[in-house]
Amino acid sequence: MVVLNRIYTRTGDQGTTALAAGGRRAKHDLRIEAFGTVDETNACLGMVRLHTAGHEIDSMLARIQNDLFDLGSDLATVETDKPLPYEPLRITQGQVDRLEQEIDQLNGHLAPLRSFVLPGGTPAAAALHLARTVCRRAERRVVELAGRPDEKVSPEAVKYLNRLSDFLFVASRYINDKGALDVLWVPGQNR
């Protein structure tokens, strides 16, 4: 259980931050950037949920916000050869599978696209598109981290972010009156 009874510790005043299993990294370190961008994605979803209260996707978004804290913990707990005194929290294939099922569920109500979708339509859809773009940035950071030979990242963490951005795209269309309010790109319209 997490207990936070003091918010400031002054331990980051020198430009480093602590990892979950110990050790410190510079605040501009790629691992810190990766889980920080996951946190930004989560904050975006908090803003989305201001527009989805009472809508069926709100419970999906609430679960995803919790998953993103799991993902942040996963990324903040560096795998080492040393055993930890606890089982580290990791993203699982089951969490990826659940996203895929929800994508399929929502997408089943949508007509196939005939053009790219511009962010907009309703406030909820626009906010979902913003969350999607921040999620894609988080995915790029995590993929870059995973590509470094001295860093370990679980494949499920990468898959989760990849599916999440797909989910957010489909959810944006679904909440846009199942695609009826989508704003479509018209190539060359303003030439």
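Leaving aside neighbours within four places in sequence, which residues is V96 in contact with? Keep this question in mind as you go through the views below; the legend for V96 gives the answer.

**Figure 1. The whole protein, shown as a predicted model.** The protein has five helices and four strands. If you trace the sequence from its start, you meet these elements in the pattern β-β-α-α-α-β-α-α-β. The C-alpha trace spans about 55 × 40 × 30 Å along its principal axes. Of the 191 residues, 41% count as buried. The protein exposes about 11,000 Å², and carbon and sulfur atoms supply 54% of that area. The chain also brings together residues that are far apart in sequence: among contacts with a separation of 6 or more, 73% are between residues 24 or more positions apart. As for charge, there are 24 positive and 25 negative charges, and their mean positions are 4 Å apart.

**Figure 2. The annotated stretch, residues 7-175.** An unreviewed UniProt entry gives these residues the annotation "domain: Cobalamin adenosyltransferase-like". In the predicted model, this part of the chain is 59% helix and 5% strand. Its end C-alpha atoms are 37 Å apart.

**Figure 3. The largest nonpolar core, with 45 residues.** Here you can look for I57, L71, Y160, L164, F167 and L168, the residues with the most contacts inside the core. Which elements give two or more residues to this core? They are helix 1 (30-48), helix 2 (57-76), helix 3 (93-107), helix 4 (123-146) and helix 5 (155-175).

**Figure 4. Y160 and the residues it touches.** Y160 is one of the residues with the most contacts inside the largest nonpolar core. Not counting residues up to four places away in sequence, Y160 touches R63, I64, D67, L68, L71, I91, Q95, V96 and L99. Look for L71 in that list, since L71 is also among the residues with the most contacts inside the core.

**Figure 5. V96, a buried residue of helix 3.** Now for the opening question: beyond its neighbours within four places in sequence, V96 is in contact with E156, K159, Y160 and R163. Is V96 buried or exposed? Its relative accessibility is 0%, so V96 counts as buried. Another residue to find in this view is L161, which lies 65 residues from V96 along the chain. The C-alpha atoms of V96 and L161 are separated by 8.7 Å.

**Figure 6. E102, another residue to find in helix 3.** Why does E102 count as buried? Its relative accessibility is 11%, and buried means under 20%, so E102 belongs in that class. With neighbours within four places in sequence left aside, E102 is in contact with M60, R63 and F167. You have met two of these names already: R63 is touched by Y160, and F167 is among the residues with the most contacts inside the largest core.

**Figure 7. C44 in helix 1.** C44 has a relative accessible area of 14%, so this residue is buried. Where the chain comes back towards C44, look for L130, A131 and V134, which are in contact with C44 when neighbours within four places in sequence are left aside. A127 is worth finding too: C44 and A127 are 83 residues apart along the chain, yet their C-alpha atoms are separated by 7.3 Å.

**Figure 8. T52, in the loop between helix 1 and helix 2.** Is this loop residue, T52, buried or exposed? T52 counts as buried because its relative accessibility is 1%. Apart from neighbours within four places in sequence, T52 is in contact with I57, D58, L61, A124 and I175. Of these, I57 is one of the residues with the most contacts inside the largest nonpolar core.

**Figure 9. D177 and K178, in the loop between helix 5 and strand 4.** Strand 4 covers residues 183-184. What is the phi of D177 near? The value is near 55 degrees, which is positive in a residue other than glycine. K178 is not a glycine either, and K178 has a positive phi of about 55 degrees. D177 is partly exposed, with a relative accessible area of 49%. K178 is partly exposed too, with a relative accessible area of 41%.

Terms used:
Residues are numbered from 1 along each chain as its sequence is written. This is a predicted model: local features need pLDDT of at least 70, side-chain atom pairs count only at pLDDT 80 or more; totals for chains, interfaces and linings use all residues. Side-chain values use heavy atoms; hydrogens and water are left out. A nonpolar core is a set of buried Ala, Val, Leu, Ile, Met, Phe, Trp, Tyr and Cys residues joined through side-chain atoms within 4.5 Å. Buried means under 20% relative accessible area, exposed over 50%, partly exposed in between (1.4 Å probe, protein chains only). Contact means heavy atoms within 4.5 Å. Accessible areas come from the Shrake-Rupley method with a 1.4 Å probe; for residues, only the protein chains shown count as cover. Lys and Arg count as positive and Asp and Glu as negative; His and the chain ends are not counted. The place of a charge is taken as NZ of Lys, CZ of Arg, CG of Asp or CD of Glu. UniProt positions are given in the numbering used here, feature names are shortened, and annotations may be inferred rather than shown by experiment.
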